[in-house]
Amino acid sequence: MTETLLRSSGFSQSFSEKEVFFCPEESHFYSHCLERLVFNQCSNSDLVVEFGCGDGTPVINSLTRVSFDGRIHGYELNPSACQIAQSRIAHHDISHQYSVRNQSFFDTFQSDAQYLIANPPYIPAPDDNIAMPLLHGGVDGATITNRLLSLDYPNVMLLVSSYSNPVGTIAHALANNYSVADFMITPLKFGYYSSEPKVKNHISELRKSRKAFYSGNIYFLAGVLFKKRDVSDLNLSTELIRVMTSL
Ligand SMILES: C[S@@+](CC[C@H](N)C(=O)[O-])C[C@H]1O[C@@H](n2cnc3c(N)ncnc32)[C@H](O)[C@@H]1O
């Protein structure tokens, strides 16, 4: 499947799911969240920074559907994913708008950015010895998500999973002076990365301490727009917790 995806944009090299993040359902959802919660809301003078661009398709696809003309600076630690993203950006001729660097997001800080966006690594596991170590989100899956909510960007749009301690993340956001300004939710099937037995067993342990919520093979993934409280009056955190813990 990965091979087909890459060929469609004119690339001959192929990568397995273990080398480059590949989950089209999730990436499409992230792309739609970007469109509705970020690019249709911000102004062309806004700078957007992205943690973990993957192969770049979510932002690229989203940009084709909106009139946003501002800049996005992306960071991707995986050199193969970064290489694909850079080729796609060149292929779509949007390098004036979207750039991707092969470095850790945490090695940089752009204080002039108004928005931080990410579909962050959220796989919960006792350690990072999993199919794709760069998707490890710490023991409860929320470590990187919570770190991104500690950087003080005024607006942060993140995907939050119902099996990665969503209540802890929302509490962390509130403690860091964010409110939940808006959200979108989709049900997803456990996929390639979350179905790995070591991960699935760990998630079922987290469920016992109400840090993971799912039903059979289905979990919820939310695109959440967090805004600093001085930027937004609306706080939908109670409603978000209610939905995310309902399975
Ligand atoms: C869940 S994937 C999302 C990829 C893409 N945004 C998408 O939705 O299709 C998370 C990405 O974050 C990258 N990543 C992990 N740690 C990182 C870091 N410290 N800095 C930048 N990227 C990182 C991973 O390599 C992976 O490509």
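**Notebook: helix 7, strands 2 and 3, ligand shell**

I began with helix 7 and noted its outward side: P197, N201, S204, E205 and K208 are exposed and sit on the face turned away from the buried side. I am working from a predicted model.

I then listed the buried residues of helix 7, which are V199, H202, I203 and L206. Looking down the axis of helix 7, I found these buried residues within an arc of 105°, so they line one face of the helix. The spacing fits what I know of helices: an α-helix has 3.6 residues a turn, so residues three or four places apart point the same way.

I checked the length of helix 7 as well. Its 12 residues (197–208) should span 16 Å at 1.5 Å a residue, and the end C-alpha atoms are 17 Å apart, which agrees. Just after helix 7, I noted a positive phi of about 55° at R210.

Next I turned to the strands. Strand 2 (residues 71–75) and strand 3 run parallel, joined by four bridges. I found I72 opposite Y98 of strand 3. Following the chain from strand 2, I passed through helix 4 (residues 79–91) to reach strand 3, and this β-α-β crossover is right-handed.

Along strand 3 (residues 98–101) I saw the side chains alternate. Y98 and V100 point to one face and are buried, whereas S99 and R101 point to the other and are not buried.

Last, I looked up the ligand. I counted 20 residues around the ligand, of which S27, G52, G54, N119 and L134 come nearest. By class, I have 13 nonpolar, six polar and one charged in this shell.

Note on methods. Residues numbered from 1 in each chain as written. Predicted model: local features only at pLDDT ≥ 70, side-chain atom pairs only at ≥ 80, totals over all residues. Near = placed C-beta within 6 Å. Nonpolar A, V, L, I, M, F, W, Y, C, P; charged D, E, K, R; others polar. Buried ≥ 20, exposed ≤ 12 C-beta atoms within 10 Å, placed from the backbone. Helix = DSSP H or I, 4+ residues; strand = E, 2+ residues; numbered from the N terminus. Pairing = 2+ DSSP bridges. Right-handed = clockwise from strand over helix to strand, strands pointing away. Expected span 1.5 Å × (residues − 1). Arc of directions from axis to C-beta.
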